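Reader: Could you take me on a close look at the part of this model around the ligand? I would like to know what kinds of residues form the shell there.

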Amino acid sequence: MQIENSVALVTGANRGVGRHHVAQLIEHCAARVYAASRNVDTLSETIELDPQRVVSLALDVTNTSMIEAVASTVNDVTLLINNAGSLTFGGALDVTDAGLAQDMAVNYDGLRGMTRTFAPIIESNGGGAIVNMLTLMSFISAPGFAGYNASKAAAWSMAMSLRAYLRPKDIQVINAFPAGIDTDMLAGIDAPKDNPEAVVRDILAAVVVDQEDIYPASASDVFDAWRADQKSIEAAFAEMM
Ligand SMILES: NC(=O)c1ccc[n+]([C@@H]2O[C@H](COP(=O)([O-])OP(=O)(O)OC[C@H]3O[C@@H](n4cnc5c(N)ncnc54)[C@H](OP(=O)(O)O)[C@@H]3O)[C@@H](O)[C@H]2O)c1
């Protein structure tokens, strides 16, 4: 879809990848960008990117009533970026139940809840796109954050199902599978990390050409290696414990 003159909504827009989405949507000449965050007081730097076009919204993606309240005031969206994410550290046997539930609530339920509520709005505006910030860990587990992997695998599966339902409504579902990105999420983790600006640039380029699956920045090399030899890549990720 054309981003120019679109009306976008980005969840988790106060920092990290979300703020880069807002910045680059503005560069792509979106007409308006709704920047959503649990705490609107944290959105000031995002709003400053373009106070005329960036509109703040209070939104916790795990809160269904809040999603519905926001949707009732925002009826012009054509591009939804499901960016909000949660990563709890912990292996399969020691991640806390609360941490696992939080990752599922944000990464899986949040994506589905936002899509269920906003797809009819996008459809009523003539169609558009939904971008889901997934991860290579949707299909290659890093054992040190087992809950995150599981929640993103579930989100990937749900997103593929949603795609089949939304395509006839002229809503493209675009799934992004980045490698590690240099944001707060992986702060303190010693691993190769992509620049968030480069990751978002590749993702929005995919939106413009209706590319359904995107492996931005260094993720494309990892994905190619995984396709060539899945067990070797699984073993390499297992080393990251
Ligand atoms: N960083 C990576 O290595 C990496 C790699 C692949 C994919 N991704 C994905 O890219 C997306 C953005 O990640 P990031 O690196 O920018 O992470 P981040 O720096 O940790 O930021 C996470 C964002 O999600 C928001 N969020 C968390 N829970 C929320 C909730 N219940 N409702 C609304 N917003 C919520 C946070 O808001 P608060 O400020 O209120 O906490 C924050 O804005 C995520 O989906 C992540 O899984 C990241």
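Author: Happily! The shell around the ligand divides into 13 nonpolar, 9 polar and 5 charged residues. Here Ala, Val, Leu, Ile, Met, Phe, Trp, Tyr, Cys and Pro count as nonpolar, Asp, Glu, Lys and Arg as charged, and the others, Gly among them, as polar. This is a predicted model, where local features need pLDDT of at least 70 and side-chain atom pairs count only at pLDDT 80 or more, while totals for chains, interfaces and linings use all residues. Residues are numbered from 1 along each chain as its sequence is written, and side-chain values use heavy atoms, with hydrogens and water left out.

In total, 27 residues surround the ligand, each with a heavy atom within 4 Å of it. The closest are Asn14, Arg15, Arg38, Tyr148 and Thr183. H1 and H5 each supply at least two residues of this shell; such helices are DSSP runs (H or I, at least four residues), numbered from the N terminus.

Now for some polar contacts, meaning pairs of N or O atoms within 3.5 Å. A polar side-chain atom of Thr183 lies 2.5 Å from an oxygen atom of the ligand. Backbone N or O atoms take part too: one of Ile181 lies 2.7 Å from a ligand oxygen, and one of Gly12 lies 3.2 Å from a ligand oxygen. On its own, the ligand has 900 Å² of accessible area, and the protein covers 93% of that, by the Shrake-Rupley method with a 1.4 Å probe.

Technical notes. A polar contact is a pair of N or O atoms within 3.5 Å; within protein, one must be able to donate a hydrogen and the other to accept it, and residues adjacent in sequence count only if both atoms are side-chain atoms.
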